[in-house]
Amino acid sequence: MKVNWSRTQVISAAVGAGFLVLAAVAGWMGWGALGEAQNQAQALSDRKTKPELAAILSRPGGAGAARKEAGEVAKLAEELGKTEEGLVESWRQGYSEASGEGQGWSQDANQWKDQLIGANDRLRKRSGKKGDSSRVTLADDFYLGLQEFKQQNPPGPQVPALARQLSVSEKLVGLLMEAKKTSQEGYPTLCLLQSMQGPALPVADGTKPGGDKAKTATPVGGFLRESYTMQFECSPEVLYSFVQRLARDPWLFIVADLNLENDLKEFPKRSEVAKKFADASKPAEVTGGSTEGVRGGANAAPRPPLLMVLAGKERLKVLMRVDFVGWKSAVPGKQPEKGKSS
């Protein structure tokens with residue numbers, strides 16, 4: 001049986017079908033949203049069971065208070081970072097100065113050799129002559145631990161490391177000279193700098209002269225540490241002042257090892273002290289309780305002060321290992337400011 005649909009009936013049927021389709025789509029989307037909401041609720045429930053999150057949600061202020069504290073911690077970390085940077089800034093500057101960054105003598109062997117000659121001449125002019133107790137005396141063969149380069153230039157690859165070694169060696173000798181100059185010695189004592197030895201340098205095949213594998217001079221983890229050994233003789237006052245200057249210097253120096261030997265290993269015997277302090281021209285005589293003989297007469301030979309006999313002219317033999325620690329610049333390629341002292 002054939003049914004004839006009027007136009008109005010066709011339009012009504014189409015609208016009804018469209019409505020059903022929209023209802024089906026909306027229902028499907030609704031069920032999806034409901035499922036997503038259920039998943040989120042389940043995830044939140046699972047998170048609430050975690051101890052760290054439960055502690056946050058159960059405290060007054062909840063997540064807001066935790067967020068505020070996190071901000072304060074981040075601010076504190078930033079302030080600590082600035083403080084740390086301020087502490088190591090002079091050490092970065094020291095590494096830059098010691099390495100001669102941006103200067104030709106730290107890259108070119110000929111210029112480095114001229115720098116070595118100049119440094120040795122400057123120290124010789126500041127040193128004292130033999131027997132001079134007012135200034136540091138340098139041994140005749142002292143050459144900043146770089147004697148092998150007296151007659152020859154170093155290989156090109158070694159120049160950067162040698163530039164740093166030259167700077168640090170000159171700095172250490174200068175600090176010792178300043179310590180001797182400013183120390184208040186009860187009795188001026190000869191200060192003799194006998195030798196200095198810097199870090200071993202790799203040879204062409206990457207080994208030390210003795211055959212052992214050489215440690216590279218390239219900073220590891222942003223800093224390097226190199227050892228310098230000094231052998232000298234001085235008074236206790238000069239040694240104390242030298243160590244204090246190492247500790248206060250803007251460059252980072254660490255006294256890693258110290259070996260001392262005293263000429264006066266044992267306190268002098270009473271008889272020896274008496275002989276040195278006795279009247280050299282007249283034997284001491286005690287008669288009738290008089291002490292005139294002990295005092296001596298006008299012709300008595302001059303006697304050294306008692307303290308000079310007991311503790312004067314005391315000289316220490318020192319073998320010291322000092323480590324130089326340098327930090328690389330925080331910004332690659334950053335050069336130290338001109339005119340800024342470390």
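**Notebook: a helix lying on a five-stranded sheet**

I started at the N terminus and read the elements along the chain as α-α-α-α-β-α-β-β-α-β-α-α-α-β. That gives 9 helices and 5 strands, taken as DSSP runs (H or I with at least four residues for helices, E with at least two for strands) and numbered from the N terminus.

A note to myself: this is a predicted model, where local features need pLDDT of at least 70, side-chain atom pairs count only at pLDDT 80 or more, and totals for chains, interfaces and linings use all residues. Residues are numbered from 1 along each chain as its sequence is written, and side-chain values use heavy atoms, with hydrogens and water left out.

Next I looked up the sheet. It is open, with 5 strands in the order β1-β2-β3-β5-β4 and mixed pairing; two strands pair if DSSP finds at least two bridges between them. The edges are β1 (136-138) and β4 (252-262), each pairing on one side only.

I then followed β4 to its partner β5 (residues 316-327): the two run antiparallel over 10 bridges. Here I found Phe-253 opposite Phe-324 in β5.

Which strands does α5 touch? I found that α5 packs on the sheet and touches β1, β2 (191-197), β3 (223-234), β4 and β5, with contact meaning heavy atoms within 4.5 Å.

Last, I checked α5 (residues 159-182) for cover: 18 of its 24 residues are buried, that is, under 20% relative accessible area with a 1.4 Å probe, counting protein chains only. For the chain, 29% of the 342 residues count as buried.

Methods. Buried means under 20% relative accessible area, exposed over 50%, partly exposed in between (1.4 Å probe, protein chains only). Axes are lines fitted to C-alpha atoms, for helices over the stretch in contact, and angles run from 0 to 180 degrees between N-to-C directions.
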